[in-house]
Amino acid sequence: MITTEGRADIRKHVKDTFIYAQIGTGGDSTNPNASDLDSPLGSRFSVSPINSGETSIDWKFSVAGSTHIGHTIKEVGIFDARSGGNMLLRVNYDGIGPLVSTDDIEFIITVEVD
């Protein structure tokens, strides 16, 4: 069992280290050995994760449809570097889109350290 202090230290490390997000158009299953999204769309961007509970972290960010017109977003990843580096997680889903200029999509990704 991880101690309370251990969980807090892990949460702080993850929160301080994994500060970039990226969206993509790939939608297949996630491989635990993957180091990038299947089909990245645009560049990674900075995000500010927050503690959302004693053992969890939330990454909350928005994507403007006007910057990705016509694309269908099917994956999102959280990383520790603007390029290269390590991917903490990749979430894939059925897809949002195709995007139009008036779309504004909000993502909230929660990781629990337990």
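Ile50 stands opposite Asp58, a residue of strand E4, and this pairing is a convenient place to enter the structure, which is a predicted model. The two strands concerned, E3 and E4, pair in the antiparallel sense over two bridges, and they form a hairpin in which four residues lie between the one strand and the other. Strand E4 itself covers residues 56–64, while strand E3 covers 50–51.

The hairpin belongs to an open sheet of three strands, whose order is E3-E4-E7 and whose pairing is antiparallel. Strands E3 and E7 are the edges of this sheet, since each of them pairs on one side only. On the other side of the hairpin, nine bridges join E4 to E7, and these two strands run antiparallel. Two of the pairings can be followed by eye: Phe61 stands opposite Phe107 in E7, and Ala64 has Asp104 as its bridge partner in E7. In general, the strands of a sheet pair through backbone hydrogen bonds, in a parallel or an antiparallel manner.

Returning to Asp58, the reader may ask which charged side chain, if any, is available to it. Asp58 is buried yet has no salt bridge, and the nearest side chain of opposite charge, that of Lys60, is 8.0 Å away. Because a salt bridge requires a side-chain nitrogen of Lys or Arg within 4 Å of a carboxyl oxygen of Asp or Glu, the distance of 8.0 Å to Lys60 does not qualify. What the side chain of Asp58 does make is a polar contact with the side chain of Thr110, at 2.5 Å. Leaving out residues up to four places away in sequence, Asp58 touches Ser48, Pro49, Ile50, Ser52, Ile108, Ile109 and Thr110.

Lys60, for its part, has a partner elsewhere: its side chain meets that of Glu106 in a salt bridge, with 3.9 Å from N to O. Glu106 lies in strand E7 (residues 104–112) and Lys60 in strand E4, so this pair ties together parts that are 46 residues apart in sequence. Glu106 is partly exposed, with a relative accessible area of 48%.

Over the whole structure, a search finds six salt bridges. Another of them joins the side chains of Asp28 and Arg90, at 3.5 Å from N to O. Asp28 lies in the loop between strand E1 (20–24) and strand E2 (40–46), whereas Arg90 lies in strand E6 (residues 87–96), so that the pair ties together parts 62 residues apart in sequence. The surroundings of the two residues can be stated as well: Asp28 counts as partly exposed at 43% relative accessibility, and Arg90 is buried, with a relative accessible area of 9%.

Arg90 also forms a salt bridge with Glu75, where the closest N and O atoms are 2.6 Å apart. Here too the pair links distant parts of the chain, with Arg90 in strand E6 and Glu75 in strand E5 (residues 73–79), 15 residues apart. Glu75 counts as buried, at 0% relative accessibility. These residues are part of a wider arrangement, for Asp28, Asp38, Glu75 and Arg90 are linked in a network of salt bridges.

From the charged residues we turn to the nonpolar ones. The largest nonpolar core has 19 residues, and of these Ile23, Trp59, Phe61, Ile73, Ile78, Phe107 and Ile109 touch the most other members. Strands E1, E4, E5 and E7 each supply at least two residues of this core. One of its members, Ile109, is in contact with Ile57, Asp58, Trp59, Phe61, Val76, Ile78 and Leu89, when neighbours within four places in sequence are set aside. Asp58, the residue with which this account began, is thus among the contacts of Ile109.

A last stop is Ile2, which is found in the segment before helix H1 (4–17). Ile2 is partly exposed, with a relative accessible area of 34%. Its contacts, leaving aside neighbours within four places in sequence, are Arg7, Ile10 and Asp114. Where does Ile2 stand relative to Ile73? The C-alpha atoms of Ile2 and Ile73, which are 71 residues apart along the chain, are separated by 36 Å.

Key
Residues numbered from 1 in each chain as written. Predicted model: local features only at pLDDT ≥ 70, side-chain atom pairs only at ≥ 80, totals over all residues. Heavy atoms only, no water. Buried < 20%, exposed > 50% of the residue type's maximum accessible area, 1.4 Å probe, protein only. Lys, Arg positive; Asp, Glu negative; His and termini not counted. Polar contact = N/O pair within 3.5 Å; in protein donor to acceptor, adjacent residues only side chain to side chain. Contact = heavy atoms within 4.5 Å. Core = buried A, V, L, I, M, F, W, Y, C linked by side-chain atoms within 4.5 Å. Pairing = 2+ DSSP bridges.
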